[in-house]
Amino acid sequence: MYGVNRALVAQRSSGGHLKVYAQFRAPLDRQATATPADVETVRSGLLALFDGWADPVLDLLRRGTAFVRRPLHVLPVSHTWPHVRGVTLLGDAAHLMPPLGAGANLALLEGAELAEAVVAGPADPDDAVRAFEERMWARAGRWAQLTTAGLERLVSADPAEALALFDQVQPS
Ligand SMILES: Cc1cc2nc3c(=O)[nH]c(=O)nc-3n(C[C@H](O)[C@H](O)[C@H](O)COP(=O)(O)OP(=O)(O)OC[C@H]3O[C@@H](n4cnc5c(N)ncnc54)[C@H](O)[C@@H]3O)c2cc1C
């Protein structure tokens, strides 16, 4: 559910649990984790933030038992580095981006690709690593661009933008 500069996203988890993401823009210096004693303070702050939303939606916040703050950090889009012989990075360490469904998939794919490149590649494994890095940077750059633009629209002044985002074609 998307509103002006805020959203509530519910995800069904195992064991009959529901994980609810309250997404909004805020200064980074807020307290990292709410202790049980803070739960009611956090809850009332969130209820104020989503004031006016439908009752069944607000129930997701009223019935919450634990609240954790998860600030989103990202690396710059199309981040690269000078190659260092004998070492490389992949996954979030190489291209941390907004969590819009790409990061774990990229990390798994890159692990497999790097292993294949080293096993099947040239006599000097470092040449295989260099070639792998070039491919990874190009693909991750496209995803970082897409997810960064997506995050802007998912928490935006125009909620219709968020819904339109889901109709867009995604890059390979
Ligand atoms: C809310 C949220 C939702 C997401 N949803 C999706 C999704 O739907 N689909 C998707 O594809 N991706 C999703 N992602 C992104 C995905 O979780 C990450 O991109 C992915 O986990 C990156 O994998 P990784 O192995 O590179 O890094 P990580 O999963 O961060 O693994 C790194 C590991 O290294 C360990 N570590 C760190 N420092 C050290 C050290 N010094 N010594 C030893 N160990 C260390 C850490 O504890 C961690 O276990 C989501 C992310 C978030 C935050």
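Which residues are around the ligand in this structure? Hi everyone, let me start there. What you have in front of you is a predicted model. In it, the ligand is surrounded by Gly91, Asp92, Ala93, Pro99, Gly101, Ala102, Gly103, Ala104, Asn105 and Ala107. If you sort that shell by residue class, you get five nonpolar, four polar and one charged.

Which helices supply at least two residues each to this shell? They are H3, covering 92-95, and H4, covering 103-120. The biggest giver is H4, with four residues in the shell.

Now let's step back to the whole chain. How many helices and strands does the protein chain have? There are six helices and three strands. Walking from the N terminus, you pass through the elements in the order β-β-β-α-α-α-α-α-α. The radius of gyration is 20 Å, while the globule rule gives 16 Å for 172 residues, so this chain is more spread out than a compact globule. If you draw a box along the principal axes, the C-alpha atoms fill roughly 65 × 35 × 35 Å. Of the 172 residues, 14% are buried. And if you take the contacts with a separation of 6 or more, 59% of them link residues that are 24 or more positions apart.

Next, the strands. General background for anyone new to sheets: strands pair through backbone hydrogen bonds, either parallel or antiparallel. Here we have an open sheet of three strands, ordered S1-S2-S3, and the pairing is antiparallel. S1 and S3 each have a single partner strand and stand at the edges, so each has one side with no neighbour in the sheet.

Let's look at the two pairings one at a time. Between S1 and S2 there are two bridges, antiparallel in sense. Look for Tyr2 there: its bridge partner in S2 is Ala7. Between S2 and S3, also running antiparallel, there are seven bridges. One residue pair to find on your screen is Ala10, which stands opposite Val20 in S3. S2 and S3 together make a hairpin, with five residues between the two strands. In that turn, please click on Gly15, which has a positive phi of about 70 degrees.

Now the domains. Where does each one begin and end? Domain 1 spans 2-62, and domain 2 spans 92-165. Their centres, taken over C-alpha atoms, are 29 Å apart. The contact between them involves nine residues from domain 1 and seven residues from domain 2. On the domain 1 side, the elements that give two or more residues are our three strands again: S1 (2-3), S2 (6-12) and S3 (18-24). By class, that side of domain 1 has four nonpolar, three polar and two charged residues.

Let me finish with one residue towards the other end of the numbering, Ala160. You will find Ala160 in helix H6, residues 159-165. Is Ala160 buried or exposed? With 10 C-beta neighbours inside 10 Å, Ala160 counts as exposed. Now bring back Tyr2, the residue we met as a partner of Ala7. Tyr2 and Ala160 are 158 residues apart along the chain, and their C-alpha atoms are separated by 8.1 Å.

That's my tour, and thanks for listening!

Note on methods. Residues are numbered from 1 along each chain as its sequence is written. This is a predicted model: local features need pLDDT of at least 70, side-chain atom pairs count only at pLDDT 80 or more; totals for chains, interfaces and linings use all residues. A residue is near a molecule or strand if its C-beta atom, placed from the backbone, lies within 6 Å of it. Ala, Val, Leu, Ile, Met, Phe, Trp, Tyr, Cys and Pro count as nonpolar, Asp, Glu, Lys and Arg as charged, and the others, Gly among them, as polar. Domain bounds come from an automatic or database domain assignment. Two residues are in contact if their C-beta atoms, placed from the backbone, lie within 7 Å. The radius of gyration is taken over C-alpha atoms; the globule rule is 2.2 Å times the number of residues to the power 0.38. A residue is buried if 20 or more other C-beta atoms lie within 10 Å of its own, exposed if 12 or fewer, and partly exposed in between; C-beta atoms are placed from the backbone. Two strands pair if DSSP finds at least two bridges between them.
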